Amino acid sequence: MTWSEEDIIKAVTENFKELVTESKVLKPKRISITVKPDGLVSVATFLRDSLGFDHPLGAGAIDYPAENKMQMVYYLWSVSKRTIVMLKADTPRDNPKLPTLSGVWDQMNLHEREAWEMFGIVFEGHPKLERLLLPEDWEEGVYPLRKDYKLPER
Amino acid sequence: MMSETKGIMRISWGPQHPMSGQFRFILETDGENVYEIIPDFGFTHRGIEKILEYRTFVQGIVPFERLAMVDAANVGLAYVRAIEDAANIEVPKRAQYIRTILCEISRINSHLYAIGLAAEAAGGYPAIFLWTTADRELFLDLAEMLTGARWSYSFFIPGGVRADIPEGFKEKALKVLSYFEKRLIAYRDSWLENEIWLTRSKGIGKLSTEDAIKLGAAGPSLRGSGVELDMRKEDKYEAYGEIDFRMAVQKEGDCQARFMVRFLEMIESTRIIKQALENMPPGPFKKPVPPKLPKGEGFARVETARGEMDVHVILDGSDKPYRVKVCAPSFRNLYVISKLPKLTKILVADVPVVVWSFDPWYLDADR
C-alpha cells in the first residue's frame, strides 16, 4: 500500500484525537503536525514505530515573541513513506519547557542541546543538557537566537 | 569492557589541524582500540542563522555559502530554493539548466577535495592530493568563466541566476570533461584499486543499512550503506528530472564504499553537465522578484556533496527572513561518527580514514 499525505495525517489524528491541535499538508510529500507538549513523546513514538519515520533530519526552534510562544520543530523522514513530517510543539515563551525526544530518535539529543542554548527551551528528561556550539564564557541566560537578542554591532 | 581496563587514555584530536580540520574529537583509547569518539562542536560557530535575519534575501546568499565554501553552489541553492518555495517563485527553464551545471561542477570540486584529503589520511598518498588539486583547477576555471568567481559564486538568486552562459563555455566545458574522464580512469587504477588504499579502507568503519537510516546519516555515507536516497532523484529539482543519470549506491557500508559512491557520482556529474549543455533551452535566465516577499513558510532539500541539506525559512512579509533553520548534513554525519565505535572495531590508526570517509565539513556543522 502506498501512503498518501492524507493517510499519514489520518493515522495520527485518529489515534491521538485530543493531542493533535493542527495537521496539514504543506506541499506534496511534506506534512506539518502540531501536537500538545504532553503528546509529543507518544506521537513521536507512534510515528517511529507504526508509521516508519525512522530517519531523523534535525530539529530547531522558532521564537514568536508577539504571540508569547516558542515552537520546536522536528524534521523527520521515512524510507517507506518517502514523506517529510514536521512535528511541531508550542511552549510558552516565559517558561519554555518540553519533554525530550532524545529517547525516540537518539540524534535529537544534539539538536535539543542546541535549541536549549540558543533559545532557552528546557528539555525535561534530557540526559545531557550542556552547551554545544556556544563558547564556554558565554553569559548564562542569554539566548542568542531569540528575537529579542540583538547583535551587538547592530 | 571499559570498566575492566585501567588504562583508558583520552586523546584530543584537533582543533589544530593534525588531519582533523578545525574541529576537535576526543578519543577514548586503550592501546590501539578506540572506545569513544566524542565530537566537540563549536570551534567554527559563527551564528549564520542569526546573521541571516539581518540580511535581505539577496544579501543573505553570501553568508549562507560560507556554510561550505568548497561546495558553494549546492549550499547556496538550498537557501535560494527555500525562499522560492516560500514565495512560490517559478524559475525559468534556462536558469534551471545553468544551476544544474554549476551544481555539478561544485560537486566534482568537493568530491575531488574529499578524495585528496582521504588519500592523505590513509598515508603515503600526497601524490593523489596533488592530482586532485591540479584537476580541480580546471573546474574552478570553468566556474570562474561562468560566474566570475572561483570559490564563493553567489551566482544563484531568487528567480534565476545572475548571468547567462558565456560564449565559448560549452566548448571549454566539453574539453575539460573529456580530459577529466581519462583522469577518472587514472584515479581508479592508481588509487581506488590500489592495495594500500584497500587495506586501509576495506571493511573499516562499517555502517549497516539499518544503522545508517536510524542514526540519520546523510549523502554518500547513507548511499554507501545501501540506502537509495538522493534528493536529485527524490525531489527532481531544477533540471534533474529531465536528465538521465544513475544514483550511486554501494552495499558494503565501509570507508571504501563511501568513496566508491563519490567516485561514481563524479562519473554521473560529467554525464549530467554534458546533457545539460546539450539540451540547454533558450529563453530568459532570470525573472524579477520583488525585494519584499509575502508572509509564508518555505522548505527546501538539496543534495549537496555531503548529503541532504534542509533549509526551513519563515517569512514575515518584510525583505528579510524571520527565521532560517539549517539542518546540515555534516552535523548528522559527525553524530554518526560518534556512534561508530559502538558498532564496529576502530583502531587509532583508522580514525583519520574513517572520519574523512564521511567527509565532514565542520563549518556547516557548526553554522
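**Close-ups of strand β4 in chain A**

**View 1. A hairpin joins β3 and β4 of chain A.** In this predicted model, four residues lie between the two strands of the β3(A)–β4(A) hairpin, and A:N68 takes a positive phi near 50° there. The strands themselves, β3 (residues 55-64) and β4 of chain A, pair in the antiparallel sense over nine bridges. To find your way along the pairing, look for A:A61, whose bridge partner in β4(A) is A:M72.

**View 2. On to the hairpin of β4(A) and β5(A).** Here six residues separate the strands, and A:R82 is the one to look for, with a positive phi near 55°. β4(A) pairs with β5 (residues 84-92) of chain A in the antiparallel sense, over nine bridges. A handy landmark is A:W77, which stands opposite A:I84 of β5(A).

**View 3. Strand β4 of chain A in its surroundings.** Is this strand largely enclosed or open? Seven of the nine residues in β4(A), which spans residues 69-77, are buried, so the strand is largely enclosed by the rest of the structure. Buried here means that 20 or more other C-beta atoms lie within 10 Å of a residue's own.

**View 4. Where chain A touches chain B.** Contacts link 21 residues of chain A with 22 residues of chain B. On the chain A side, β3 and β4 each supply at least two residues, and β3(A) gives the most, with six. Sorted by character, the residues on this side of chain A comprise 14 nonpolar, four polar and three charged.

Definitions and conventions. Residues are numbered from 1 along each chain as its sequence is written. Chains are lettered from A and ligands numbered from 1 in the order in which they are written. This is a predicted model: local features need pLDDT of at least 70, side-chain atom pairs count only at pLDDT 80 or more; totals for chains, interfaces and linings use all residues. A residue is buried if 20 or more other C-beta atoms lie within 10 Å of its own, exposed if 12 or fewer, and partly exposed in between; C-beta atoms are placed from the backbone. Two strands pair if DSSP finds at least two bridges between them. Two residues are in contact if their C-beta atoms, placed from the backbone, lie within 7 Å. Ala, Val, Leu, Ile, Met, Phe, Trp, Tyr, Cys and Pro count as nonpolar, Asp, Glu, Lys and Arg as charged, and the others, Gly among them, as polar.
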